[in-house]
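Could you walk me through one strand of this protein and the hollow spaces around the fold? Keep it relaxed, please.

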Amino acid sequence: MSVLIVVAHPDDEVLGCGGTGAALVNAGIKARACILSGAALARSNHPGDQKLSDDTQTAQKILGLSSPVLGDFPNIEFNTVPHLQLVEFIESAMLKYKVTTLFTHHPWDLNEDHRCTSLACQAAARLAQRRNDLSGLQTLMYMEVPSATDWGFDNARDVFRPDTYFDIESTFDTKLEALRAYRGIMRPPPHPRSEEYLRALATVRGGESGKLLAEAFQCAFRALRPSDLV
Ligand SMILES: [Zn+2]
């Protein structure tokens, strides 16, 4: 099993999947992030490209994730990039690391880079069905990223519907530590990128699933094996 967390921006992988990623690594499963905009040139309050690159590497180490795949697609301008380029970039990472499980953004996040990333992942997820020399993907999950998934308006479009939960009681503090490694991204409450909001969300998702703290996902695709049902 090899897990790839495909996100638009540095910090999305921690916000949406940090607790789960750290728990997977603790269980001996290889997981890494694929961050499509390595250099966040248009992002306000960012501490500079080199610092952001350092912060990204530090956050991956705190979570225990393998070395990330970093793209240089233009931040906040993914809608100017040909869809195929995003798809092929993700496919190349999937092939290189023999990925069996993909986590990515929900297709109706408010942030357009997130939506472009999700659509590209959906296309890349069909790679094995377009070639006959690969084994198929087993799992595609959409994650929720506070200040993007929750900021999408829910009229006239689809919304995040959590149906899959991962216990992060043992890794929630690691998730917060990894977020703190990204200088300048956390905010005071009531902003969704505050520690108070993140703990409240993890508590709610835990309550929905019988855990103290959890991350929630929406399953887009799952190929079950007999061992998954026991
Ligand atoms: Zn983002």
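What follows is a short tour of strand β1, then a pocket, then a cavity.

Keep in mind that this is a predicted model.

**Strand β1**

Let's start with residues 2–7, which make up β1. Buried means under 20% relative accessible area. By that cut-off 6 of the 6 residues of β1 are buried, so the strand is largely enclosed by the rest of the structure. Side chains in a regular strand alternate between the two faces of the sheet. In β1, one side carries Ser 2, Leu 4 and Val 6, while Val 3, Ile 5 and Val 7 sit on the other. Both faces are covered, with all of these residues buried.

Who are the partners? β1 pairs with β2 (residues 30–35) in the parallel sense, over 6 bridges. Within that pairing, Leu 4 has Arg 32 of β2 as its bridge partner. To get from β1 to β2 the chain passes through α1, and this β-α-β crossover is right-handed. β1 also runs parallel to β4, joined to that strand by 3 bridges. Here Val 3 stands opposite Thr 101 of β4.

**The second largest pocket**

Now for the hollow spaces. The second largest pocket has a volume of about 270 Å³. Its lining comprises 15 residues, and the closest to the centre are Met 1, Thr 139, Met 141, Phe 166 and Arg 222. Two or more lining residues each come from α1 (12–26), β4 (101–105), β5 (139–143), β6 (164–167) and β7 (214–222). The largest share is that of β6, with 3 residues.

**The largest cavity**

With a cut-off of 30 Å³ or more, the count comes to 1 cavity. The volume of the largest cavity is about 100 Å³. Its lining has 14 residues, and Leu 15, Lys 175, Leu 201, Ala 214 and Glu 215 lie nearest the centre. The elements giving two or more residues to this lining are α1, α6 (172–181), α7 (195–209) and β7. The most come from α7, which supplies 4 residues.

Which classes of residue line each space? Here is the breakdown:

| Space | Nonpolar | Polar | Charged |
|---|---|---|---|
| Second largest pocket | 7 residues | 5 residues | 3 residues |
| Largest cavity | 9 residues | 1 residue | 4 residues |

If you have the structure open, α1 is a handy thing to follow. This helix lies on the path from β1 to β2, gives residues to the pocket lining, and does so for the cavity lining too.

Definitions and conventions: Residues are numbered from 1 along each chain as its sequence is written. This is a predicted model: local features need pLDDT of at least 70, side-chain atom pairs count only at pLDDT 80 or more; totals for chains, interfaces and linings use all residues. Side-chain values use heavy atoms; hydrogens and water are left out. On a 1 Å grid over the protein atoms alone, a cavity is a set of points where a 1.4 Å probe fits but cannot get out, and a pocket is an open set with protein on both sides within 12 Å along at least five of seven lines; lining residues have an atom within 4 Å of a point. Grid points are joined across faces, edges and corners, and a volume is the space filled by probe spheres set on the points. Ala, Val, Leu, Ile, Met, Phe, Trp, Tyr, Cys and Pro count as nonpolar, Asp, Glu, Lys and Arg as charged, and the others, Gly among them, as polar. Buried means under 20% relative accessible area, exposed over 50%, partly exposed in between (1.4 Å probe, protein chains only). Two strands pair if DSSP finds at least two bridges between them. A crossover is right-handed if, with the strands pointing away from the viewer, the path from the first strand over the helix to the second runs clockwise.
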